Amino acid sequence: MFKNIINSWASANGLVISQAQYDMLEAYKNRVLEVNKHMNLTAITSDEDFAVKHIIDSLTLLPFVPDGARCIDIGTGAGFPGVVLRIMKDIRLTLLDSLRKRIVFLREATDMLGLTDIDCVHSRAEQHKNTYQIATARAVASLDKLVGYALPLLEKDGVFLAMKGRDVGAEIEMAEGALRKYGGVVGSVERVGIAEGVERSVVVVRRI
């Protein structure tokens, strides 16, 4: 069921996923759920929900992330969307989280998958000093707070991809002050479907 759900969405959206990539996505799912028995990584445990709400939700960012990009996933948690993006694309990735045990898990899990060019960092975004071309965040905070976390970590013309629910107009309005303060502009709001009748928004913010 897990692979069929992802394959159906991928086919409908013109995305080609290799067998090796499917195997890695499933291996990661299995490892997350195994560790989840004794560490709080996710409330999503069924194959169907995991495929839609973790894997497919992460895959929606692929069109916005070029191969070779230097990326940071802020508040990565169990590794979504960052690990999924790294499985699918040749990017240089930093997974950032403030909880040490999540970082220990991420190092072990990405090593298990044989993924390279991944740096798992235990830190808060405000304390991290490196800069990137792409920043992502999912289920971390409201957009006004996320702008303050993400934009200082981006180089000029870097892009922050904020994964949000379908209706984000009010959040964008509330973030106007933070956008001015940190030098960002909302380039677009892209609606993406992750399942029948279920849409998310990707708020594309550029640092100017």
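1. Asp157 lies in strand β5. The structure discussed in this note is a predicted model, and in it Asp157 has a positive phi of about 70 degrees although the residue is not a glycine. With a relative accessibility of 44%, Asp157 counts as partly exposed, because the partly exposed class lies between 20% and 50%.

2. Asp117 offers a further case of a positive phi, about 60 degrees, at a residue that is not a glycine. Asp117 belongs to the loop between α5 and β3. Its relative accessible area is 44%, so Asp117 is partly exposed. At the start of this region, just after α5, Gly114 also takes a positive phi, of about 75 degrees.

3. The overall framework should be considered next. Seven strands make up an open sheet, and their order is β3-β2-β1-β4-β5-β7-β6, with mixed pairing. The edges are occupied by β3 and β6 (184–195); each has a single partner strand, so one side of each lacks a neighbour in the sheet. From one strand to the next, the twist averages 20 degrees. Helix α3, residues 47–59, packs on this sheet and touches β4 (132–138), β5 (154–164), β6 and β7 (198–207). The direction of α3 makes about 135 degrees with that of β6.

4. Which strands does β1 pair with in the parallel sense? One is β2, which is joined to β1 by five bridges and runs parallel to it. Another is β4, paired with β1 in the parallel sense over four bridges. Individual residues show these pairings: Cys71 has Leu93 in β2 as its bridge partner, while the partner of Ile72 is Ala135 in β4. Four of the five residues of β1 are buried, so the strand is largely enclosed by the rest of the structure.

5. The connection from β1 to β2 passes through α4, and this β-α-β crossover is right-handed. The loop between β1 (70–74) and α4 contains Pro81. The peptide bond that leads from Phe80 to Pro81 is cis, and its omega is near 10 degrees.

6. A right-handed β-α-β unit is also made by β2, α5 and β3. Here β2 and β3 run parallel and are joined by five bridges. Within this pairing, Leu96 has Val121 of β3 as its bridge partner, and Asp97 stands opposite His122 in β3. Helix α5 lies across both β2 and β3, and runs at about 165 degrees to β3.

7. Does α5 have its expected span, or does it depart from it? The helix has 14 residues, numbered 100–113, and at 1.5 Å a residue it should span 20 Å; its end C-alpha atoms are 20 Å apart, which agrees.

8. Which residues of α5 are buried? They are Ile103, Phe105, Leu106, Ala109, Thr110 and Leu113. Viewed down the axis of α5, these buried residues fall within an arc of 155 degrees, so they line one face of the helix. The elements that cover them include α2 (19–35), α4 (82–88), β2 (92–97) and β3 (118–122). On the other side of α5, Arg100 and Asp111 are exposed.

9. Helix α2 also holds Lys29. Is this residue buried or exposed? Its relative accessibility is 4%, so Lys29 counts as buried, since the cut-off for that class is under 20%. Leaving aside residues up to four places away in sequence, Lys29 touches Phe2, Asp47 and Phe50.

10. Glu196 provides a contrasting environment. This residue is found in the loop between β6 and β7. Its relative accessibility is 82%, so Glu196 counts as exposed, the limit for that class being over 50%. Between the C-alpha atoms of Glu196 and Leu25 there is a separation of 22 Å, with the two residues 171 places apart along the chain.

Note on methods. Residues are numbered from 1 along each chain as its sequence is written. This is a predicted model: local features need pLDDT of at least 70, side-chain atom pairs count only at pLDDT 80 or more; totals for chains, interfaces and linings use all residues. Side-chain values use heavy atoms; hydrogens and water are left out. Helices (H or I, at least four residues) and strands (E, at least two) are DSSP runs, numbered from the N terminus. The expected span of a helix is 1.5 Å times one less than its number of residues. Buried means under 20% relative accessible area, exposed over 50%, partly exposed in between (1.4 Å probe, protein chains only). The arc is that of the directions from the helix axis to the C-beta atoms. Contact means heavy atoms within 4.5 Å. Two strands pair if DSSP finds at least two bridges between them. A crossover is right-handed if, with the strands pointing away from the viewer, the path from the first strand over the helix to the second runs clockwise. Axes are lines fitted to C-alpha atoms, for helices over the stretch in contact, and angles run from 0 to 180 degrees between N-to-C directions.
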